[in-house]
Amino acid sequence: MTGRTYAILSPFVGGDYYGAIIAGINAAAVAAGDRVMAVQTLDPGSHSADRSGLPEFHRPLAWAHLSGLAVLPGAVSEEYAAKARQAGLPVVRVAHDGAGAAVLADNRPGVRAAVAHLAGHGHERIAFAGYLTHFDLRERYEGYRAEMLARGLSPLLFDAGDNHESGGETVADELVRAGMPVTAILMGTDRNAIGLTGRIAAAGFAVPGDLAVVGFDDIADAAYLRPALSTVRQPLDEVGRAAYRTLADAAPDRVTRVPTVFVPRESCGCPSQGFPVSEAHTRALFDEVRYLQNTLNIEYELGIALLGGESVEPRNLDWLDLTPAVAGCLGLWSVTEPDTLRLVGQYRTDVGAPLSAVPVAEFPPAELFTAADGPAGDIVLVVPVRSRTRDWGMLAAVGRVQSTTPPGRELMNHSGSLLATALDYRVTMLSLREQEEELRSAALRDHLTGLPNRLLLEDRLTQAGLRATRDPDYRFAVMLLDLDGFKAVNDSLGHAAGDELLIKVAKRLTKLLRRTDTVARLGGDEFVVLIGGVKGTDGHHVVRDAIRKTLTEPFVIDEVPVTVGVSIGVAVSGDGATDPDRLLREADAAMYREKTAGRR
């Protein structure tokens, strides 16, 4: 396919509102030989666009691939849209106000028809409830208010607080507390209406007997509720098709309004119309139930796969086998290059060499769009991989738009959240292991020089003794070192200079000896050297002499040359003498004899 590529920016890339619009845009684009990518701008794991607020989404994702952008309500700021236009990308607003081209549902006529219908049932005390933060909801309220005033009736507004069931429950509680001051209510969304009717019934009131209810959207649930929900239908698929046409025509100022239609059912007081019972319709419903059940199963299995512990490597994207995705890739933000993603995982497609850098304007890579081409109408879906503590990057996958789930319940939102959690977990476990190693090292190492302390020395002496017991030909030497003149350095230059001297002594000894030997500090100016594989009874002499030579060469402390001596006591295993404690005592006695002789 060589057609154009358009992006849809949306709080979620699925659901029975956003997903339905995205599916409409995608269907129209595929039919015309173009392609679409849908980008979730909310953090993964979000469950409500209303309560999450406007996402902080500002990067020019995929702009190098795009011929235009469709922006859904609550997806990005107006500043983002303005920057896209400045970059030469046509932008179409869908269902919200602002500058430039737009596709809007014509909310007012459908709502006015609903109010007129309720008045025809004899209602005069008719209220409106909605979350007026959104442009669509404000238009619906304006249509309600205009029709009420035209009929000489008094408008009454209730704030739902959101567009979901919880908002309807809030309104129901307020109505009950006020003693049911109205006989009919028009809810801003169907989900508001569903929440309200359930709570009203729980309080002992009947719909429509005590309260007639009308929703808005005509979601799939509406016709199957009891009583069936009267609603205003906005054809989201047609909204999507109109948005694509506006993008394809590059019409910068075109504003298209898609009509809405009132659909009467039982909740407004109309008689039941029954269920559509054709075999085709029943089979379609059954297929949808199976699809939703399969989605639940996949989400469960994804949780097990991605949160299965340290053995799981979430970056390689093998877990996408559990999903309907046909291709995918994962890019993590570069630490050193701003607005650059490093490709760390790919699935059923070759998007480039591992860890190759991709500017955010070129992510996802063109190869992923190629994987979406075909008659199936698959779409590129992109979701941030972000947790409360870290913005990891972006996950892109090719698959089907989920347009029948509630908003925020689609697989991409779920996958992005689980992936971020899995990456956080691995970093946390790595940090814990590092802390554990630091604690272990602190317990076994001298805090000043970093050399093994007495505890670690005892373990290595024990291992040397056990080896000598197993192998009679194996000999090891224990050398006890004491610096001569160290106290004078401390007294004349201070304790800081004394500490620096000890550190430099430790470095000289470590550099002089083999990796298999051990240099330990017992405390003060006493050091122990454990040498393995000593040849003969005097095989240690060369090492002892080298130690004496290197430690008696001048040190420079604070630009002052400092010279110290060293007393060395040696004990060598052999002739049955392999007990480490005994050898250490013998070396200590030998060192004391040498120090005493030196003083005389």
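This dialogue reads two residues and one pocket in a predicted model.

User: Is Asn 107 buried or exposed?

Analyst: Burial is judged from relative accessible area, with buried meaning under 20%. Asn 107 has a value of 0%, so Asn 107 is buried. This residue belongs to helix 4, which spans residues 107–120.

User: Which residues are in contact with Asn 107, beyond its neighbours within four places in sequence?

Analyst: Contact means heavy atoms within 4.5 Å. For Asn 107 the partners are Asp 136, Glu 139, Arg 140, Phe 216 and Thr 260. With Arg 140 there is also a side-chain polar contact of 2.8 Å.

User: Where is Pro 155 found, and how is its accessibility to be read?

Analyst: Partly exposed covers values between the buried limit of 20% and the exposed limit of 50%. Pro 155, at 29%, is therefore partly exposed. Its place is the loop between helix 5 (135–150) and strand 7 (157–159). Although Pro 155 and Arg 145 are ten residues apart in sequence, their C-alpha atoms are 5.8 Å apart. Arg 145 is also one of the contacts of Pro 155, which include Tyr 141, Tyr 144, Met 148 and Leu 149.

User: What is the volume of the largest pocket, and which residues lie nearest its centre?

Analyst: Rolling a probe the size of a water molecule over the atoms reveals where empty space remains. In this model the largest pocket has a volume of about 920 Å³. Its lining has 32 residues, and Asp 16, Ile 219, Ala 220, Asp 221 and Thr 404 lie nearest the centre. Helices 1, 8 and 9 each give two or more residues to this lining, and helix 9 gives the most, with nine.

User: How many lining residues of the largest pocket fall in each class?

Analyst: The lining of the largest pocket comprises 14 nonpolar, seven polar and eleven charged residues.

Methods:
Residues numbered from 1 in each chain as written. Predicted model: local features only at pLDDT ≥ 70, side-chain atom pairs only at ≥ 80, totals over all residues. Heavy atoms only, no water. Helix = DSSP H or I, 4+ residues; strand = E, 2+ residues; numbered from the N terminus. Buried < 20%, exposed > 50% of the residue type's maximum accessible area, 1.4 Å probe, protein only. Polar contact = N/O pair within 3.5 Å; in protein donor to acceptor, adjacent residues only side chain to side chain. 1 Å grid on protein atoms, 1.4 Å probe; cavity = no way out; pocket = protein on both sides within 12 Å on 5 of 7 lines; lining within 4 Å. Points joined across faces, edges and corners; volume = space filled by probe spheres on them. Nonpolar A, V, L, I, M, F, W, Y, C, P; charged D, E, K, R; others polar.
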